[in-house]
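Colleague: Please take me closely through any cavity in this model, starting with how it is lined, and then place what you find in the wider structure. I work at the bench, so a careful and connected account would suit me better than a list.

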Amino acid sequence: MRGFRLFLTALLLLGAPPAVFAGESKAWHDEAELSFVDTGGNTEVTTLSARNTLTVPFDERTKGTWKLGALYGKSDGTKNAESFFTEIRVDHSYDERLYSFGYGGWFQDEFAGIDRRYYLGAGGGYKVHTGPKHFLLGEAGLTYTTEEYIDGTDSEFLGGRLFGKYEYKIHEKNRFTQSLEWLLDFREFENWNLNSETAVISSLSDWLSLKASYLIKYDNQPVDNVKKADRILGIALVMNF
C-alpha cells in the first residue's frame, strides 16, 4: 500500500492539467514501437516487445510525456522474460538549452527480481549541442524509490540519477543514438543500476521507421539467484503519429 500511495502521488503531481484537454487544440505527438519474433521447428521462441510514448505540450515552454512499455518472451513453451513499466514526466524549458523536470513511474520485472518498483524524481538538464548534426544533453537529479522483491523483502531509499544522451544525424533519414543512465542509492552505495541503449533509426517514410537497438540493464546488487546484467538486442518498427 505504501508503494501504491507513492505512485498515486506521482500521477497527481505530474499529470496533465485539465486545461490541456479543454479550449483550443494542442499539437501532440505519439510514437509507438513494436517488435515481434516467433520461430517454430527444432526451437520454439516467441518474443514480443511494445512501447508507446505520448508527448503533449502544455504551453511553449512546458510539455508532458507518458511512456508505457511491455516485454514478453517464451522459449520451448517456458516463459523466460516478462516486464512492464509506465512513467509520467513533465519538462519545463527556461531557454533553448536549460530545463528542469519531474517524473513518477512504476516498473515490474520478476525475472530481474523486481516484483514492484515505484519511484519519484526531479532534476535539471542542459543541452550541450543542439545540432544540426550533433545533439548532446546531460541530466542530474534526485530520486525516491520503493522496491518490493520476489524474495519477499523490500527497500525504500533516497537516491540520485545521472543521465546523458548523444545523437548523431547521419543524414536526413538515418540517425544514431547512445544513452546512459546511472541510478544510485545514497543509503547503500553498492546498490546502483546502470542502463545503456545504443540504437540506429532509419526512416522508411514520414511516419514509419526501422530501429535496431542494443539495451543493457545492469543491477550491481540484485536479489539472490538473479544475474546482474540483462542484454536485449532488438529490431522494431516505429510509428509516429
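Modeller: The structure, which is a predicted model, holds 1 cavity of 30 Å³ or more, and the volume of the largest cavity comes to about 30 Å³. As general background, a probe the size of a water molecule, rolled over the atoms, reveals where empty space is left. The lining of the largest cavity is made by E82, F84, Q108, D109 and E110, and when these residues are sorted by class there are 3 charged residues beside 1 nonpolar and 1 polar residue. As for the elements that contribute, β4 and β5 each supply at least two residues of this lining.

Of the lining residues, E82 deserves a closer look, since it takes part in a salt bridge with K79 in which the closest N and O atoms are 3.0 Å apart. Is E82 buried, exposed or something in between? The relative accessible area of E82 is 25%, and because buried requires under 20% and exposed requires over 50%, E82 falls into the partly exposed class. Its partner K79 is also placed in the partly exposed class, with a relative accessible area of 37%. E82 therefore lines the largest cavity while being partly exposed at the same time.

The strands that supply the lining also lead to a feature on the surface. β4 covers residues 78-93 and β5 covers residues 98-109, and the loop between them contains Y94. Y94 is partly exposed at a relative accessible area of 45%, and it belongs to a nonpolar surface patch together with L98, Y126, V128 and L136, whose accessible area adds up to about 430 Å². Y94 can count towards such a patch because its 45% is over the 30% relative accessible area that a patch residue needs. Just before β4, the loop that follows β3 (62-75) holds D76, which has a positive phi of about 50° although it is not a glycine. D76 is classed as exposed because its relative accessible area of 51% is over the 50% limit.

To set this region in the whole, the protein has 1 helix and 12 strands, and along the sequence the helix precedes the strands. Of its 241 residues, 35% are buried. The salt bridge of E82 and K79 can be read against a search of the whole structure, which finds 13 salt bridges. In general terms, such pairing is possible for side chains of opposite charge when their charged atoms come close.

Another salt bridge is formed by the side chains of K211 and E33, at 3.3 Å from N to O. This pair ties together distant parts of the chain, as K211 sits in strand β11 (residues 208-219) and E33 in strand β1 (residues 29-39), 178 residues apart. Both K211 and E33 are buried, whereas E82 of the cavity lining is partly exposed.

The side chains of R116 and E148 also meet in a salt bridge, again given as 3.3 Å from N to O. Here strand β6 (residues 114-130), which holds R116, is linked to strand β7 (residues 134-149), which holds E148, and the residues are 32 apart along the chain. R116 counts as partly exposed at 33% relative accessibility, and E148 counts as partly exposed at 23%. Beyond single pairs, R89, D91, E139, R161 and E181 are joined into one network by salt bridges that share partners.

Some loops complete the picture. P132 lies in the loop between β6 and β7, and the peptide bond that joins G131 to P132 is cis, with omega of about 5°. In the loop between β9 (174-185) and β10 (192-203) there is N191, which is buried at a relative accessible area of 10%. N191 is 6.0 Å from N220, C-alpha to C-alpha, although these residues are 29 apart in sequence. In the loop between β11 and β12 (229-240), by contrast, N225 counts as exposed at 83% relative accessibility, and its phi is near 70°, a positive value in a residue other than glycine.

Note on methods. Residues numbered from 1 in each chain as written. Predicted model: local features only at pLDDT ≥ 70, side-chain atom pairs only at ≥ 80, totals over all residues. Heavy atoms only, no water. Patch = residues over 30% accessible without salt bridge, like charges linked within 9 Å, V, L, I, M, F, W, Y side chains within 5 Å. Areas by Shrake-Rupley, 256 points an atom, 1.4 Å probe, with all protein chains shown as cover. Salt bridge = Lys/Arg side-chain N within 4 Å of Asp/Glu carboxyl O. Helix = DSSP H or I, 4+ residues; strand = E, 2+ residues; numbered from the N terminus. Buried < 20%, exposed > 50% of the residue type's maximum accessible area, 1.4 Å probe, protein only. 1 Å grid on protein atoms, 1.4 Å probe; cavity = no way out; pocket = protein on both sides within 12 Å on 5 of 7 lines; lining within 4 Å. Points joined across faces, edges and corners; volume = space filled by probe spheres on them. Nonpolar A, V, L, I, M, F, W, Y, C, P; charged D, E, K, R; others polar.
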